[in-house]
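Here is a friendly tour of one protein model, written for someone who likes to know the cut-offs behind each term. Please keep the viewer open while you read.

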Amino acid sequence: MQHTAVSTPGSDTADQAGSAVPGSPRQLRHLVAGRWLPGEGGELLDVSPSRPDQVVAAGREALTADLDRAVEAARAVFPRWAATPHQARGAVLVRAAGVLEERAEQWGAELSWEEGKTRAEGVGEVRRAAEILRFYAAEADRPTGEVFASPRPGERISVVHRPVGTIGVITPFNFPIAIPAWKIAPALSYGNTVVWKPAGLVPLLAMRLAEALVEAGLPDGVLSLLIGGGELGGELVSHPGVEAVTFTGSTAVGRSVIARCGALARPVQTEMGGKNAAAVLSDADLELAATEVMAGAFRATGQKCTATSRLVVAEPVADEFLALLAAKVCALRVGDPLADGVQMGPLASVPARDAVRRAVREGLARAGVGVLAGGDAAYTDEERVVGAYLPPTVLELAGDDPLWRDELFGPVLAVRRARDDSQALDLVDDSEFGLSAAVFTDNLNAVSAAVARLDVGVLHVNSETAGADPHVPFGGAKGSGHGPKEQGRAAREFFTRTTTVYLRGSHGGAL
Ligand code: UN1
């Protein structure tokens with residue numbers, strides 16, 4: 001394979017390793033057929049949610065013509081990439097993981113600046129992306145395929161996995177590098193080529209992942225990165241040269257991606273909303289539960305599809321637990337995500353902050369909704385008044401309410417009391433979504449009942465609802481997910497096709 005030497009974007013910041021961002025705005029570039037291009041579409045302005053007057057990166061959107069070129073290049077290079085030994089494809093991912101680890105501090109700080117999660121979370125996420133790349137690199141060394149006995153003499157039946165082709169990848173803002181890594185790494189490892197459109201709020205971190213892969217020697221055209229709006233994403237989903245689409249994002253957009261792909265009979269995998277509940281049962285370790293519920297609800301400012309956004313507390317421990325939780329929530333340090341000691345940053349944008357605040361305000365106007373912590377009041381101090389900040393909020397509901405049903409994607413936890421442990425599990429399951437749940441108890445019967453009854457893709461016992469290890473399946477039930485699971489070896493189902501081979505010698509195995 002030929003590699004074209006490319007000058008990577010963002011080299012203006014290379015000498016800032018370890019230093020604090022911000023610096024001067026980074027220049028946004030698209031990676032198309034192995035070349036970094038400036039783009040000729042509308043203006044792109046990537047601003048920091050903590051200081052919306054600060055420009056993180058700027059450039060111009062990609063056009064449909066760039067998409068066409070990217071898909072054409074991805075299709076042209078596919079046969080060679082698919083025929084490259086799996087170990088050689090894995091070696092590229094290992095080298096890219098090394099680049100991510102080396103730049104984790106700098107790119108993690110950029111992530112925090114661009115997206116709003118804390119610096120520690122940003123750096124952790126870059127390292128997590130590296131781990132994901134390493135897991136999929138090692139797929140080359142794991143067994144592949146299955147062999148079956150045949151009912152006919154001299155024959156065996158094997159199932160072999162082949163790459164699918166060119167995959168359209170669409171990723172959300174909330175994990176700007178980890179979610180792209182867990183889609184792109186398996187796609188590439190199994191021999192596919194990729195055209196990727198990341199969320200418009202986080203183009204810089206998308207560029208960083210692409211840069212790492214290019215630096216690692218990914219051949220031209222195997223991955224293209226196009227920065228643009230939802231319209232470009234729609235064009236990617238429906239592009240005649242794309243074989244399959246993987247998407248993580250909102251439920252509304254996910255459903256439209258499923259519909260478009262359905263009309264084209266195109267394989268699709270979507271990871272969508274969540275309204276994940278934690279249940280604190282009557283025997284729970286309340287201190288542990290409070291710490292974990294806090295982490296689940298407010299890390300990443302509650303902007304994870306796995307975040308804890310509903311809490312059910314069994315009546316016998318409700319007063320004590322809610323008092324403990326409220327005290328901890330009120331003590332959370334909210335502020336500049338790049339500053340030391342800050343535990344929660346802003347939401348990812350001012351419009352996102354306004355939408356969440358509006359939902360809280362409307363909720364508080366309804367009967368049966370009370371505030372345990374936070375609320376709809378804005379911060380008024382000089383540092384936070386300009387950013388997309390909201391206080392971490394806990395609202396107690398007397399019964400059913402839109403705050404119980406609707407995903408807000410922010411630092412808001414809706415609480416209900418359950419008469420007993422059994423009703424608590426019923427309330428956990430009382431949602432159109434089924435991504436993740438957490439149950440706090442040491443009661444084996446309660447755990448067994450939770451495993452049997454809860455219709456969720458991920459269940460945590462005595463830990464927060466968020467988190468996803470690279471080596472195990474991840475994905476939701478009910479309205480949270482569609483298509484094969486992600487991560488671990490489960491990813492192979494979506495990113496490969498199987499061929500069942502009936503293998504028989506012409507002499508029935510005799511020489
Ligand atoms: C995590 O819980 O660490 O968009 C990962 C999301 C999920 C990923 C969650 N797809 O928040």
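What follows goes through rings, strands, backbone angles and cysteines in turn.

This is a predicted model, in which local features need pLDDT of at least 70 and side-chain atom pairs count only at pLDDT 80 or more, while totals for chains, interfaces and linings use all residues. Residues are numbered from 1 along each chain as its sequence is written, and side-chain values use heavy atoms, with hydrogens and water left out.

**Aromatic rings**

A pair of aromatic rings is described by the distance of the centres and the angle of the planes. Rings of Phe, Tyr and Trp (for Trp, its six-membered ring) pair if their centres lie within 6.5 Å; planes under 30 degrees apart count as stacked, over 60 as edge-to-face and the rest as tilted. By that rule there are 5 aromatic pairs in the structure. Two of them are set out here.

| Pair | Centre to centre | Angle between planes | Geometry |
|---|---|---|---|
| F135 and Y136 | 4.9 Å | 85° | edge-to-face |
| W182 and F474 | 5.3 Å | 55° | tilted |

The pair of W182 and F474 links distant parts of the chain, 292 residues apart: W182 is in helix α5 (residues 178–189), and F474 is in the loop between β20 (458–461) and β21 (477–478). Helices (H or I, at least four residues) and strands (E, at least two) are DSSP runs, numbered from the N terminus.

Are these rings buried or exposed? Buried means under 20% relative accessible area, exposed over 50%, and partly exposed in between (1.4 Å probe, protein chains only). F135 is buried at 12%, and Y136 is buried at 0%. W182 counts as buried with 4% relative accessibility, and F474 is buried at 4%.

F135 and Y136 also belong to one aromatic cluster with Y190. Y190 turns up again around H86, a residue of helix α2 (residues 86–102). Leaving aside neighbours within four places in sequence, H86 is in contact (heavy atoms within 4.5 Å) with E139, A140, S189 and Y190. From H86 to V99 there are 13 residues in sequence and 20 Å in space, C-alpha to C-alpha.

Charged side chains meet rings too. A charge sits over a ring if NZ of Lys or CZ of Arg is within 6 Å of the ring centre and within 35 degrees of the ring normal. K117 lies over the face of F175, 4.0 Å from the ring centre. The charged end of R416 sits over the ring of W404, at 4.9 Å from its centre.

**Strands and their partners**

Two strands pair if DSSP finds at least two bridges between them. One open sheet has 3 strands in the order β1-β5-β4, with mixed pairing. Since β1 (26–27) and β4 (43–47) stand at the edges with a single partner strand each, one side of each is left without a neighbour in the sheet. β4 and β5 (residues 55–60) run antiparallel and are joined by 5 bridges, with D46 opposite A57 in β5. Helix α3 (residues 104–115) packs on this sheet, touching β1, β4 and β5, and its direction makes about 80° with that of β5. Such angles run from 0 to 180 degrees between N-to-C directions, with axes as lines fitted to C-alpha atoms, for helices over the stretch in contact.

Which strand is largely enclosed by the rest of the structure? In strand β17 (residues 412–418), 6 of the 7 residues are buried, so β17 is largely enclosed. β17 runs parallel to strand β14 (residues 308–314), with 5 bridges between them, and R310 stands opposite A414 in β17. Strand β16 (residues 393–397) also pairs with β17 in the parallel sense, over 4 bridges; there, T393 has V412 as its bridge partner.

**Backbone angles**

Most residues other than glycine have a negative phi, and most peptide bonds are trans. A33, not a glycine, has a positive phi of about 50°. A33 is in the loop between β2 (30–32) and β3 (35–37) and is partly exposed at 29% relative accessible area. K478 has a positive phi near 45°; K478 lies in strand β21 and counts as partly exposed at 33% relative accessibility.

**Cysteines**

How many disulfides are there? With a disulfide taken as a pair of cysteine sulfur atoms within 2.5 Å, the count comes to 0. For C261, the closest cysteine sulfur is in C305, 19 Å away and therefore too far for a bond. C261 is buried at 0% relative accessible area, whereas C330 is exposed at 58%.
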